[in-house]
Amino acid sequence: MDKILILDYGSQYTQLIGRRVRAAGVYAEIIAGDSALDAGRLEGVRGIVLSGSPFSVYDGTAPRPDGRLWDLEVPILGICYGAQRMTSDLGGRVEKLADREYGRMRVDIEAKGDPLVSGLPASISTWMSHGDSISAVAPGFQVLARSEAGIPAIVRRGGRKQWGVQFHPEVSHCEGGPIIVANFARSICGMEGSWSMEGYREEISRKLRDNTGDRDVLLLISGGVDSSVAGALLLSALPPEKVWLLYIDTGLMRKDESLEVMRNLKGLGARHLHMVDAGDEFLSALSGQADPEAKRRIIGDLFMEVQKREVERLGIPDSFLVQGTLYTDLIESGKGVGTKAQVIKSHHNVRSPLVEAKRGAGMIIEPLDRLYKDEVRELGRLLGLGSAIVDRHPFPGPGLAVRILGEVTREACDLLREADAVYLDELRSRGLYGKIWQAFSVLLPTRSVGVAGDERKYGRVLALRAVVSEDGMTAEPFAFDMKDLTGISAAITNRVPGIGRVVYDISSKPPATIEWE
């Protein structure tokens, strides 16, 4: 298959580059940035993209591409670090900025006739995230655009199809980003745009059959969109009698979620569906733990221990473990393709030692690990799942444990469950739920003074989070009408006695993450 090759240098946005290329209907493959670019690796490659990186090109430990890269005939696009790597390797100069360019910044395009910027206005609002900058372009390069600070924003190597951009066209904050990516993938690289989710389904179904052979598969159901879609995919690709679905109720689920999960799973046509109530075990293991990474580790390890025990009790055959892991889970856990990825937060289904051991033994299958949330929803619809499952807001694997800041107790879980249920019910009744990518409540480890009736009272503080996003890699706070926001706050404080104050989180991603822990 013809493809765009993406060289990963540890950027948190690397997989998002692939997502943008796929959105243009072009297949993309991501490999480590220092991979050997031999004939076998380059088979079918019609273009190469270099990702950003947390490293500086003048750092002796910074990752470097194969030296043959710059002499290849295929088009090349360097993004941020990729542009700086191109500049440094070909004789230009990169230096640390006195003032870092970060966030939204205007870029003025000086060469409108260039194919990379075709279709763009004279000025665009881009997303910057770099502390280094090109201070002198390499010999033979020209500047096509500059930032509002006068710094080169787009450069091109004269006579060659090699470009560099010192912003991130892959993030949704960047105006014209999809146009730039599509111009490179389709116009410059000559790709037809024939990649589709139907093609992905056929490919991954074939791989599932080839990899599992005659062995059974076990899927741990969390109740969210990802594991439900993974379950539907397994049941469509493999004989149903070979598929085991195990739902472990950790006691950290939303209100009435366990009942809803089981009802939904029964509709998938599963032959083997089992539910385990392990709430007391998880709450006991979390007792006294306030550190978010510790909570994630405890939940991940105990999840696997309960799974192992229940597999033995139920007599499930030796099987592959299937997880609904997404691209974003791997990225934030520092599991990028290369060796330079940074850890933002550990996902219990990625970095748990027991999960790592399974992965090392080749006994884990993650059929969604090259998809983003919006693509998972698309796949779910293709598999015939209803809106009640596919359009549900994301819910983290560790559940309420990472939405309770501080120690996780039964009292805190019950309080947050009730408050969150009121919040989501209010969103639905006001016609807002479908306009929001993800909404949830966070119970803060503090109390605030208030008045209940004629009495002075200290209640817990609840933070509301609501974001709009395409894929979870970037997000903006939902712009509530103040009447809706105050109405929701009043509903929560009136109906949930333990909550005395409600606040709204207006942070975007980046710099914040969507979840608080």
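This is a short tour of a predicted model, with a suggestion at each stop for what to select next.

**Stop 1: the start of the chain**

Select residues 14-23, which make up helix α1. Is this helix mostly covered or mostly open? It's mostly covered, with nine of its 10 residues buried. Click through the buried ones and you'll meet T14, Q15, L16, I17, G18, R19, R20, V21 and R22. Now step just past the end of α1 to G25, where phi is positive, at about 80 degrees.

**Stop 2: two helices that cross**

Next, show α4 (residues 197-212) together with α12 (residues 373-382). Packed helices are described by two things: the angle between their axes and the distance between those axes. Here the axes come within 10 Å and cross at roughly 80 degrees. An angle from 65 to 115 degrees counts as roughly perpendicular, and α4 and α12 therefore fit that description. Which residues make the contact? On the α4 side, pick M197, E198 and R201; on the α12 side, pick E375, E378, L379 and L382. Sort the contact by class and you get three nonpolar residues, four charged ones and no polar ones.

**Stop 3: a pair of rings**

There are four aromatic pairs to hunt for in this model. Start with F282 and F303, whose rings sit edge-to-face, 6.4 Å from centre to centre and with 65 degrees between their planes. F282 belongs to helix α7 (residues 279-286) and F303 to helix α8 (residues 292-314), so this pair ties together parts that are 21 residues apart in sequence. Both F282 and F303 are buried.

While you're here, select M304, which is also in helix α8. Is M304 buried or exposed? Its relative accessible area is 6%, and buried means under 20%, so M304 counts as buried. Then add F320: it is 16 residues from M304 along the chain, and their C-alpha atoms are 13 Å apart.

**Stop 4: the largest core**

Now for the largest nonpolar core, which has 91 residues. To find your way in, select L368, Y423, L427, F480, I492 and I499, the residues with the most contacts inside this core. Which helix gives the largest share? That's α14 (residues 410-429), with nine residues. There's also a second, separate core of 41 residues, and L16, I79, A145 and M191 are among them. You've already visited L16, as one of the buried residues of α1.

**Stop 5: zoom in on F480**

Go back to the largest core and centre the view on F480. What does F480 touch? Leaving out residues up to four places away in sequence, its partners are Y423, L427, L432, I436, A466, L485, I488 and Y504.

Y504 deserves a second click. F480 and Y504 are both buried, and their rings form an edge-to-face pair, 5.2 Å centre to centre with 75 degrees between the planes. This pair links distant parts of the chain, 24 residues apart: F480 is in the loop between β17 (476-477) and α15, while Y504 is in strand β18. Add F478 to your selection and you have one aromatic cluster of F478, F480 and Y504.

**Last stop: out to the surface**

Finish at P497, in the loop between α15 (482-495) and β18 (499-504). Is P497 buried or exposed? It counts as exposed, because its relative accessibility is 61% and the exposed class is over 50%. Finally, select R460: R460 and P497 are 37 residues apart in sequence, with 9.4 Å between their C-alpha atoms.

Methods: Residues are numbered from 1 along each chain as its sequence is written. This is a predicted model: local features need pLDDT of at least 70, side-chain atom pairs count only at pLDDT 80 or more; totals for chains, interfaces and linings use all residues. Side-chain values use heavy atoms; hydrogens and water are left out. Helices (H or I, at least four residues) and strands (E, at least two) are DSSP runs, numbered from the N terminus. Buried means under 20% relative accessible area, exposed over 50%, partly exposed in between (1.4 Å probe, protein chains only). A nonpolar core is a set of buried Ala, Val, Leu, Ile, Met, Phe, Trp, Tyr and Cys residues joined through side-chain atoms within 4.5 Å. Contact means heavy atoms within 4.5 Å. Axes are lines fitted to C-alpha atoms, for helices over the stretch in contact, and angles run from 0 to 180 degrees between N-to-C directions. Angles under 35 degrees count as roughly parallel, over 145 as roughly antiparallel, 65 to 115 as roughly perpendicular and the rest as oblique. Ala, Val, Leu, Ile, Met, Phe, Trp, Tyr, Cys and Pro count as nonpolar, Asp, Glu, Lys and Arg as charged, and the others, Gly among them, as polar. Rings of Phe, Tyr and Trp (its six-membered ring) pair if their centres lie within 6.5 Å; planes under 30 degrees apart count as stacked, over 60 as edge-to-face and the rest as tilted.
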